[in-house]
Amino acid sequence: MTTGKAFVAVAGNIGSGKSSLTRLLSEANGWTPMFESVEDNPYLSDFYADMKRWSFQLQVYFLSNRFRSHKSITEGNNSVVLDRVIYEDAEIFARNLYEIGNMEKRDYENYLALYDVMTEYLHPPDLLVYLRANVDTLLHQISLRGRDFEKSIRREYLEQLNGHYESWIARYTKGKLLVVESDGLDFVNRPEDLRAVLAMIGSRLGR
């Protein structure tokens, strides 16, 4: 059990284990978990069916929800572990959609202007935990959870996202960072793996 308020965010590609680690961290430390909105997302299934048509709407939806979550965490008194941060939206997903031609330039520039204004008001997490995983690991874990709208996700798309993640993590300077090499880890089913990750996080937080 850690002491004092903590704001930890878990980042990583689709299928990297963010939600599972968020839940396990909250249980181990008594932190409040905040999960990415997936099941109630009104755009996600449409987006995977037609990315070009729905990319801008989806990204604005995520931006609004993550800004609200991030703001409530920094203004609150509870320790929180957050599943995916607002920075990933712009640095990874919106950028990739624009670069592959699935978001128009004017929409992308409008989105970035909104993102820049919103993030000026946010205090970064005390620690960002990045789950690094190769595409084979991502595809395997995506298949295990069996979400219908994720069945159309292509290897190429995940590879593109991984490239943007590595670029972003190499430039991340907003706060403390912990990179967890998650290929071969199973912190859900192997207690020793979870203990190792928890120890790394506690050490990086200085607790």
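These are my notebook entries on a predicted model, covering its sheet, its helices and two single residues.

**Entry 1. The sheet**

I began with the strand order. Five strands form an open sheet, and they run β2-β3-β1-β4-β5. The pairing is parallel. I then looked up the edges. They are β2 (32-34) and β5, each of which pairs on one side only. From one strand to the next, the twist averages 20 degrees.

**Entry 2. Bridges, pair by pair**

I went through the sheet from the β2 side. β2 and β3 are joined by 3 bridges and run parallel. I picked Thr-32 as a marker: its bridge partner in β3 is Val-80.

Next came β1 and β3. They run parallel, with 4 bridges between them. Here I followed Val-10, whose partner in β3 is Asp-83. On β4, Val-10 has Val-129 as its bridge partner. β1 (residues 7-12) and β4 share 5 bridges and are parallel.

The last pair was β4 with β5 (residues 176-181). I found 6 bridges there, again in a parallel run. Leu-131 has Val-180 as its bridge partner in β5. Leu-127 stands opposite Lys-176 in β5.

**Entry 3. What covers the strands**

Which helices pack on the sheet? One is α1 (residues 18-29), which touches β1, β2, β3 (80-83) and β4. The direction of α1 makes about 170 degrees with that of β3. Another is α7 (residues 155-171), touching β1, β4 and β5. For α7 the angle with the direction of β4 is about 145 degrees.

I checked burial in two strands. In β3 both faces are covered. Val-80 and Leu-82 are buried on one side, Val-81 and Asp-83 on the other. So my two β3 bridge partners, Val-80 and Asp-83, are both buried, on opposite faces. β4 (residues 127-132) is mostly covered too, with 5 of its 6 residues buried.

**Entry 4. Helix α3**

I moved on to α3 (residues 51-75). It has 25 residues and spans 35 Å from first C-alpha to last. That is close to the 36 Å expected at 1.5 Å a residue. Where does α3 bend? I located a bend of about 25 degrees at Gln-57.

I also listed its buried residues. They include Leu-58, Gln-59, Tyr-61, Phe-62, Leu-63, Arg-66, Phe-67 and His-70. Residues three or four places apart in an α-helix point the same way, because there are 3.6 residues a turn.

**Entry 5. α5 and its two partners**

Two helices caught my attention as partners of α5 (residues 105-119). α3 packs against α5 at an angle of about 5 degrees, with the axes 11 Å apart. Angles under 35 degrees count as roughly parallel, so α3 and α5 are roughly parallel to each other. On the α3 side, I noted Phe-56, Gln-59, Val-60, Leu-63, Ser-64 and Phe-67 in the contact. On the α5 side, the residues are Asp-107, Asn-110, Tyr-111, Leu-114, Tyr-115 and Met-118. Gln-59, Leu-63 and Phe-67 of this contact are also among the buried residues of α3.

How do the axes of α4 (residues 86-99) and α5 cross? They cross at roughly 170 degrees and come within 11 Å. Since angles over 145 degrees count as roughly antiparallel, α4 is roughly antiparallel to α5. From α4, the contact takes in Ile-86, Tyr-87, Asp-89, Ala-90, Ala-94, Arg-95 and Tyr-98. From α5, I recorded Lys-105, Tyr-108, Tyr-111, Leu-112, Tyr-115 and Thr-119. Tyr-111 and Tyr-115 of α5 take part in the contact with α3 and in the contact with α4.

**Entry 6. Gly-15**

I looked up Gly-15 in the loop between β1 and α1. Is Gly-15 buried or exposed? Its relative accessibility is 3%. Buried means under 20%, so Gly-15 counts as buried. I then searched for contacts, leaving aside neighbours within four places in sequence. Gly-15 is in contact with Leu-138, Gln-141, Ile-142 and Arg-145. I also took one distance. Gly-15 and Arg-95 are 80 residues apart in sequence and 19 Å apart in space, C-alpha to C-alpha.

**Entry 7. Ala-196**

My last lookup was Ala-196, in helix α8 (residues 191-205). At 38% relative accessibility, Ala-196 counts as partly exposed. Arg-171 lies 25 residues from Ala-196 in sequence. In space, the two are 26 Å apart, C-alpha to C-alpha.

Key
Residues are numbered from 1 along each chain as its sequence is written. This is a predicted model: local features need pLDDT of at least 70, side-chain atom pairs count only at pLDDT 80 or more; totals for chains, interfaces and linings use all residues. Side-chain values use heavy atoms; hydrogens and water are left out. Buried means under 20% relative accessible area, exposed over 50%, partly exposed in between (1.4 Å probe, protein chains only). Two strands pair if DSSP finds at least two bridges between them. Axes are lines fitted to C-alpha atoms, for helices over the stretch in contact, and angles run from 0 to 180 degrees between N-to-C directions. Contact means heavy atoms within 4.5 Å. The expected span of a helix is 1.5 Å times one less than its number of residues. The bend at a residue is the angle between axes fitted to the seven residues ending there and the seven starting there. Angles under 35 degrees count as roughly parallel, over 145 as roughly antiparallel, 65 to 115 as roughly perpendicular and the rest as oblique.
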